[in-house]
Amino acid sequence: MLKVSNLESFYGAVQVVWDVSFDVNQGEVVSIIGANGAGKTTILKSVAGLTDHKGSIRFNGREIGNLPAHKMAELGIAYVPEGRKVFPQMTVLENLRMGSFNKRARTEREESIANVLDIFPRLKERAQQYAGNLSGGEQQMLAIGRGLTSRPSLLLLDEPSLGIAPIIVDEIFATIQQLKKEITIVLVEQHVHHALAIADKGYVIEHGKIAISGTGKELQANEHVKKAYLGI
Ligand code: ATP
């Protein structure tokens with residue numbers, strides 16, 4: 001479904017990702033893990049059309065590496081950025097409506113919103129509240145929900161556990177596992193234990209390059225991963 005080949009990403013003249021290649025098949029959860037500043041977010045942003053980059057990014061056989069970010073939603077790619085970025089002065093419902101702006105999603109907007117409210121009952125209870133008054137975990141659910149209302153087939157999720165209470169992290173990962181039945185997911189996550197537990201495949205990024213790759217299980221058993229990222 002997604003094939004990234006020899007990706008090189010830049011911020012201005014500064015290169016931060018080197019020769020990254022990976023595949024994501026339909027129905028998979030692929031986790032990208034690594035330390036702070038390793039380049040995980042940048043890789044996701046490149047797929048979402050938000051960086052300068054070289055190399056090839058193919059989605060369902062079509063080269064998308066040169067497309068602007070706003071075209072991605074129409075193709076069925078949703079990017080949920082790190083740090084949630086919901087609209088604080090808008091209600092939960094208004095935020096969800098913003099997600100279904102693209103032509104494809106607009107006609108099914110009310111159905112998609114109802115579906116998101118079923119997936120996240122906490123959002124249903126708070127549907128009329130301002131997003132700025134939600135807890136961090138609820139805002140993260142809203143950010144994911146907003147991504148889902150664009151009716152994606154590929155969800156790019158950046159650090160959904162960042163700054164969130166552990167009990168809510170568990171809830172969010174349980175939801176990701178549910179979503180996986182219908183949507184293909186690329187997950188960038190520092191919470192390595194969770195990220196590998198739900199991953200079909202994983203990639204360890206170190207200094208902007210892929211250092212190790214394997215199935216979720218293989219990476220969980222890898223000595224370097226255990227020592228460097230799982231604290232075992
Ligand atoms: P984190 O988990 O901390 O977000 P990460 O693995 O996702 O880490 P990136 O955010 O992709 O790492 O950052 C990779 C490198 O690019 C880092 O050295 C970072 O300082 C640099 N970088 C990130 N964003 C920018 C930017 N907008 N301009 C310049 N350099 C940046």
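Reader: Hi! Which helices each supply at least two residues of the second largest pocket's lining?
Author: Hello! In this predicted model, those are α5 (109–119) and α8 (166–179).

Reader: Nice. And which element has the largest share there?
Author: That would be α5, with 4 residues of the lining of the second largest pocket.

Reader: Can you give me the residues that line the second largest pocket?
Author: Sure. They are S112, N115, V116, I119, L148, R151, P152, Q178, L179, K181, E182 and I183.

Reader: How do those divide into nonpolar, polar and charged?
Author: There are 6 nonpolar, 3 polar and 3 charged residues in that lining.

Reader: Thanks! What volume does the second largest pocket have?
Author: About 260 Å³.

Reader: OK, switching over. How much space lies in the largest pocket?
Author: The largest pocket holds about 520 Å³.

Reader: How many residues line the largest pocket, and which lie nearest its centre?
Author: The lining has 21 residues, and A73, A78, Y79, G99 and R146 are the ones nearest the centre.

Reader: Which elements give two or more residues to that lining?
Author: Four names for your list: α2 (72–75), β6 (77–80), α3 (92–99) and α7 (136–148).

Reader: Which one gives the most?
Author: The strand β6 does, with 4 residues in the lining of the largest pocket.

Reader: Last one, I promise! How does the largest pocket's lining split into nonpolar, polar and charged?
Author: Happy to help. The largest pocket's lining has 14 nonpolar residues, along with 5 polar and 2 charged ones.

Terms used
Residues numbered from 1 in each chain as written. Predicted model: local features only at pLDDT ≥ 70, side-chain atom pairs only at ≥ 80, totals over all residues. Heavy atoms only, no water. 1 Å grid on protein atoms, 1.4 Å probe; cavity = no way out; pocket = protein on both sides within 12 Å on 5 of 7 lines; lining within 4 Å. Points joined across faces, edges and corners; volume = space filled by probe spheres on them. Nonpolar A, V, L, I, M, F, W, Y, C, P; charged D, E, K, R; others polar.
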